[in-house]
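User: I'd like to learn how to read a few features of a protein model. Could you walk me through some?

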Amino acid sequence: MPGARHKILGHVLSGFCHKMNRRKPIHGDSLDTPLNRCLTTFDITLLGVGHMVGAGIYVLTGTVARHMAGPATALSFLFAGVTSTLAALCYAEFGTRIPRAGSAYAYTYVSIGEFWAFIIGWNIVLEYMIGAASVARAWSGYLDEMLDGAISNATISVTGELHETLLSRYPDVLAFLICIVSSLILAVGVKTSAYINNGLTILNLLVIALVIFLGFYYADISNWSEKNGGFMPYGFSGVLAGAATCFYAFVGFDSISASSEEAKDPSRSIPIATITSMGLVAFGYILVAIALTLMVPYQTINPDAALPAALGAVHAEWAKYAVAVGAVCGMTTTLLGSLFSLPRCLYAMSADGLLFGFLSDMSNNKSQIPISNLIISGLSSAFIALLFDLEKLVEFMSIGTLLAYTIVSAAVIILRYRPVSTADDKSFGVPQLDSPCDREDSSATGTPGTDGGSSSSEMFEALTVGRLRAQYAWLEPLAGGRAPGSAVTGCVYVFTVAVAALCVHNHFLAEPAGLWALLPDFVLSFIIIACLVVIWAHQQSPARLPFRVPWVPLLPAASVMLNVELMVNLKALTWARFAIWMTFGLLLYFLYGIHHSKLGEGVTGLLSRSGSGGGNSGGWGAVDKTSAIARRVGRLARGSKGDDRKPIICDDELARRDP
């Protein structure tokens with residue numbers, strides 16, 4: 001009997017790690033989808049702008065200026081914008097590679113594996129749900145303040161106050177109704193809701209432009225003078241604290257990636273919309289912060305109604321009504337952005353089998369919208385907005401966001417050094433050697449251009465992707481003898497762990513206690529630099545994409561470091577709540593998702609909802625002995641007449657080189 005139990009247990013656990021690490025190959029037509037591809041670059045750009053420019057610009061700016069950074073709030077927004085832009089660039093590259101709904105979830109599934117993809121998807125669901133609920137509460141609170149508390153007083157008189165720790169002071173019925181109405185708007189159709197979002201976003205941007213103009217018109221430079229505390233009254237530490245808070249003003253650009261499956265031309269629209277919206281939003285936040293602190297001294301700013309109070313102080317009361325209109329429009333577009341993205345993530349996870357199948361059901365749906373998802377998303381966000389104290393949950397939401405940014409940034413490095421398989425070469429943009437238009441310069445997108453004499457070197461690079469470059473042969477004993485790309489993947493893991501350890505050590509080390517206390521910093525810093533050197537020594541993929549992150553691996557590595565630092569500085573209670581949420585997610589994955597995954601059923605194509613084949617069983621960066629590029633090079637050589645057209649590395653030689 002013990003032997004039988006061991007056999008049964010061994011059968012159950014066989015391939016368990018393989019199932020958790022299986023990755024989605026990319027097959028089929030990248031534009032094939034049951035969703036409606038109707039969004040233009042303009043629509044997607046305004047979707048991202050509307051999602052980011054909401055309650056933050058009307059509430060967050062005043063809070064940071066009054067309590068954290070003073071007039072240097074502009075620098076806080078600048079630092080936060082740079083941090084977010086690093087992650088946004090990584091999202092933009094993935095958006096051109098994988099034009100699918102699901103954003104960071106889909107990217108992680110292709111590059112790292114199923115388990116981490118589920119973790120990211122589960123946290124994205126939390127991010128969007130709490131994000132939508134928090135904006136609905138802000139919308140309700142703003143209207144209640146304009147009516148001198150009439151809504152809250154009337155509600156408390158009927159329901160009484162709630163005294164539980166996590167619950168709000170009173171049930172916010174208005175916030176509940178706002179979520180429901182927003183869901184109904186999105187249910188009309190993607191294009192119709194895009195028109196509504198575009199109109200509200202443009203109106204909001206006009207109001208912001210008016211505030212900036214009035215701020216500079218009534219500017220008093222003495223508000224930055226020493227008698228009023230100077231430009232940086234809280235010091236540089238205050239600027240950094242403000243930047244950590246301002247970072248969440250830029251959370252929302254991932255809604256651009258979530259719209260990939262409904263974009264007409266995702267490979268072009270996603271990078272353009274991402275970069276344009278990030279630049280526009282960052283520029284707007286910085287100018288509003290400057291205008292606000294020039295109108296009034298930072299000590300007199302009202303954190304709850306910063307812009308209306310400042311305009312009233314300079315006797316521009318008429319503009320307060322314009323600000324109220326802009327605030328309502330901004331919060332509405334932010335709410336629409338969250339409720340737009342949430343059903344797409346649930347749809348992507350359900351289509352892959354990791355969540356219940358009815359969430360991806362599109363049958364008898366003329367609007368081409370996952371209606372079941374939208375209903376569940378709207379009701380879930382509405383009930384959270386109705387009952388919970390969202391001030392305690394917003395920081396809880398940020399862990400999932402930062403974790404997604406970290407993994408996407410790391411995945412860009414991994415994919416850049418991974419050889420392209422036969423199934424992936426078209427989808428990942430491997431250069432077609434027969435096409436003369438491949439010689440066009442594409443330096444504007446960060447992709448190296450070619451000329452008439454560079455095709456040979458490009459073919460050589462394609463064949464040596466993930467291998468050590470010749471000038472770094474001295475690293476062969478350390479990084480050689482492995483499948484192409486596997487050494488880079490290992491270095492990315494070690495780099496991320498070392499960065500986390502360094503941030504944790506510095507966070508809990510209040511004061512250096514001699515040289516020995518700094519020894520871990522030196523060791524961890526050496527490991528981090530060594531990992532970057534080893535990654536840099538490998539050959540990158542020359543695959544042509546409409547957009548490629550420049551300066552890989554440095555920019556994605558910087559994004560990983562900044563995001564991990566922000567995660568480490570979150571409160572312990574926030575991590576405890578995160579652990580509870582993750583416990584429910586892990587139970588769902590191990591009891592349902594891992595057994596119903598489409599990869600386990602032999603459906604492997606991320607870009608093709610139906611296909612054949614199994615999960616990717618190869619190691620990190622593994623590639624067949626004779627790759628698609630090598631075969632193409634061989635065909636090209638056999639059809640040529642001159643010696644200069646012979647393949648650089650023949651199949652036999654390539655096989656001898658492989659370990």
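**Reading a helix and some loops**

Analyst: Sure. This is a predicted model, where local features need pLDDT of at least 70, side-chain atom pairs count only at pLDDT 80 or more, and totals for chains, interfaces and linings use all residues. Residues are numbered from 1 along each chain as its sequence is written, and side-chain values use heavy atoms, with hydrogens and water left out.

User: How far apart are the end C-alpha atoms of helix α20, and what span should its 23 residues have?

Analyst: Helices are DSSP runs (H or I, at least four residues), numbered from the N terminus. The expected span is 1.5 Å times one less than the number of residues. For α20, residues 486–508, that gives 33 Å, and the end C-alpha atoms are 33 Å apart, so the two agree.

User: Which residues of α20 are buried?

Analyst: Buried means under 20% relative accessible area, exposed over 50%, and partly exposed in between (1.4 Å probe, protein chains only). An α-helix has 3.6 residues a turn, so residues three or four places apart point the same way. In α20 the buried ones include V488, C491, V492, F495, A498, V499 and L502.

User: Where is H315, and is it buried or exposed?

Analyst: H315 sits in the loop between α14 (306–313) and α15 (318–351). Its phi is positive, about 65 degrees, although H315 is not a glycine. H315 counts as exposed because its relative accessibility is 63%.

User: What about W551 and P553?

Analyst: W551 lies in the loop between α21 and α22. W551 has a positive phi near 60 degrees without being a glycine, and W551 is exposed at 64% relative accessible area. P553 is in the loop between α21 (515–536) and α22 (554–568), and a cis peptide bond joins V552 to P553, with omega about 10 degrees.

Technical notes:
Helices (H or I, at least four residues) and strands (E, at least two) are DSSP runs, numbered from the N terminus.
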